[in-house]
Amino acid sequence: MTASTSSLPCRLALKGDLLDFTASPAWGAIDSPAVRFQPGHWLLIEAGRIAGSQLEAPDETWERHDHSGRLILPGFIDTHVHCPQLDVIGSYGAELLDWLNRYTFPAEIRYSDPAVAKFGAERFLDALLAHGTTAAVVFPTVHKVSAEALFEAAAVRGMRLVTGKVLMDRHAPDGLRDDVEQAERDCIDLIARFHGRDRLAYAVTVRFAPTSTPAQLAMAGALCRADASLFMQTHVAENRAEVAWVAELFPTARSYLDVYAREGLLHPRAVLAHGIWLDDEDKRVLAASGAQVAFCPSSNLFLGSGLFDWPAAQRAGFQVSAASDVGGGTSLSMQRNLLDGYKVQAMAGHRMTAWAGLHAATRGAAEALGLAHEIGSFDVGTLADVCVWDWASGPVAQARQQVARELHEKVFAWMTLSDERDLVSCYVGGKVRFQPDKGH
Ligand SMILES: [Zn+2]
């Protein structure tokens, strides 16, 4: 259900096993001081914000929701996901460029219709909440109305949402191209109406370098330079054929990343999806810019794009968050994506701890976005975007949990074996926004 009609209790306390992070866990560390685990504690929420935690039950002035024996996490943050692509999730047999033309572009054309855009935005955000994702950085389509629909639907749900009309003025079919002048007018209007309103923020949204002319990229860079509070989102170096195409289209650029860098699109509020095929200079530029890479493992595996080297990113010093990239990704579930992330790292001989993965989907993403004061942890004063999960469902996961000897083993097994079906309750700003109908 979507509990849009439920009232907001002034003082709310949730009991369960509280897990969040106070800092960034060191790569590979099983025992990390950055992990804050408070089993059987009450999480206190006042006026929609985290007010603290304690072992003893709060008095009767608090509305109490007892989830003893369950896991309570900050809501997940998906830093790269496409609203209109729910319709093409799980599409067979294509690499990136072919997949865009065969599946994605036809799905996106329909979002020129305001009714389709509104329905799609509502369905998409409800799906995020049903997967325990309470904040996201989202691609709509090229159509202004698709961004408006997402902003409006997120405002109704009280969600933290970063999005913006997609810029693409070439190499896309009829009905999916804009032009520089109209796109600039649309961006300025959307920024004025939505950026900084409620929990909404505008992202200058370049689909990827091949679908924007140099003039449009320059316009996008000018928007970013004019207002440092704007986000920027795009794709970079996902697939080798794509990288080769960008080299043809931008022969004077040093690299794919440089196409963005020289237009002023790399800054601390920039989110670049994938970043698989980057060289050492690109990594240095990324680290110096403060931009982050959204690691999209299920998409990278599904489309055969490549294996992102997370430890190399750590050595270079740029930030990495976790993302689903649906519909190239195969699930909105962050657990499923983190499991794929573990496998991607394992293929290169690295081991991603549950701490690294869960941090990248909560506090790490929040810090990379500059939003750690609002989301990603149970720090006092942050908004109470909180999800309650079953530790296990079904005999296999339950048996696995029973033999887990220490905390990382228990949480890693949860990350590996659970998905959205284990979600018990999803709160946004202290208000229940999703509770599954478990049939009882
Ligand atoms: Zn994407």
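In this predicted model, seven strands form an open sheet with mixed pairing, in the order β3-β2-β1-β4-β14-β15-β16. The edges belong to β3 (49-54) and β16 (431-434). Each has a single partner strand, so one side of each is left without a neighbour in the sheet. On average, neighbouring strands of this sheet are turned by 40° against each other, direction ignored.

Helix α2 (residues 114-130) packs on the sheet. There α2 touches β15 (423-428) and β16, and its direction makes about 120° with that of β15.

**Strand pairs**

Strands of a sheet pair through backbone hydrogen bonds, either parallel or antiparallel. Both senses occur here. Strand β1 (residues 11-21) runs parallel to strand β4 (residues 63-74), and six bridges join the pair. Within it, L18 stands opposite I72 of β4. Strand β2 (residues 35-46) pairs with β3 in the antiparallel sense, over five bridges. E46 has R49 in β3 as its bridge partner. The connection between β2 and β3 is a hairpin with two residues between the strands. One turn residue, A47, has a positive phi of about 50°.

**Helix contacts**

Two helix pairs are set out below.

| Helix pair | Axis distance | Crossing angle | Residue classes in the contact |
|---|---|---|---|
| α3 (residues 144-157) and α4 (residues 180-194) | within 11 Å | roughly 10° | four nonpolar, no polar, six charged |
| α11 (residues 334-347) and α15 (residues 407-417) | 7 Å | about 105° | six nonpolar, two polar, no charged |

The axes of α3 and α4 cross at roughly 10°. That makes α3 roughly parallel to α4. On the α3 side, K144, A147, E148, F151 and E152 take part in the contact. They meet D186, D189, L190, R193 and F194 in α4. By class, the residues of this contact divide into four nonpolar, no polar and six charged.

α11 and α15 pack at an angle of about 105°. They are therefore roughly perpendicular to each other. From α11, Q335, L338, L339 and Y342 meet F412, W414, M415 and T416 of α15. Six nonpolar and two polar residues make up this contact, with no charged ones.

**The zinc site**

The zinc ion has four protein donors: H80 (NE2), H82 (NE2), H235 (NE2) and D325 (OD). They lie 2.0 to 2.3 Å from the ion. The four donor atoms subtend angles of 89 to 170° around the zinc ion, which makes the arrangement irregular. In sequence, the donor residues follow the spacing H-x1-H-x152-H-x89-D. One pair of them links distant parts of the chain: H82 and D325 are 243 residues apart. H82 sits in strand β5 (residues 76-82), whereas D325 is in the loop between β13 (319-322) and α11.

**Unusual backbone geometry**

Most residues other than glycine have a negative phi, and most peptide bonds are trans. Three places depart from this pattern. The peptide bond from V326 to G327 is cis, with omega near 10°. G327 lies in the loop between β13 and α11, and D325, a zinc donor, is in that loop too. H274 is not a glycine, yet its phi is positive at about 85°. H274 belongs to strand β11 (residues 270-274). A47, in the turn of the hairpin of β2 and β3, also has a positive phi, of about 50°.

Technical notes. Residues are numbered from 1 along each chain as its sequence is written. This is a predicted model: local features need pLDDT of at least 70, side-chain atom pairs count only at pLDDT 80 or more; totals for chains, interfaces and linings use all residues. Side-chain values use heavy atoms; hydrogens and water are left out. Two strands pair if DSSP finds at least two bridges between them. Axes are lines fitted to C-alpha atoms, for helices over the stretch in contact, and angles run from 0 to 180 degrees between N-to-C directions. Contact means heavy atoms within 4.5 Å. Angles under 35 degrees count as roughly parallel, over 145 as roughly antiparallel, 65 to 115 as roughly perpendicular and the rest as oblique. Ala, Val, Leu, Ile, Met, Phe, Trp, Tyr, Cys and Pro count as nonpolar, Asp, Glu, Lys and Arg as charged, and the others, Gly among them, as polar. Donors are N, O and S atoms within 2.8 Å of the metal (3.2 Å for Na, K and Ca); water is not among the atoms, so sites may look incomplete. Four donors count as tetrahedral if all angles lie between 85 and 135 degrees; four count as square planar and six as octahedral if opposite donors are over 155 degrees apart and all others between 65 and 115; anything else is irregular.
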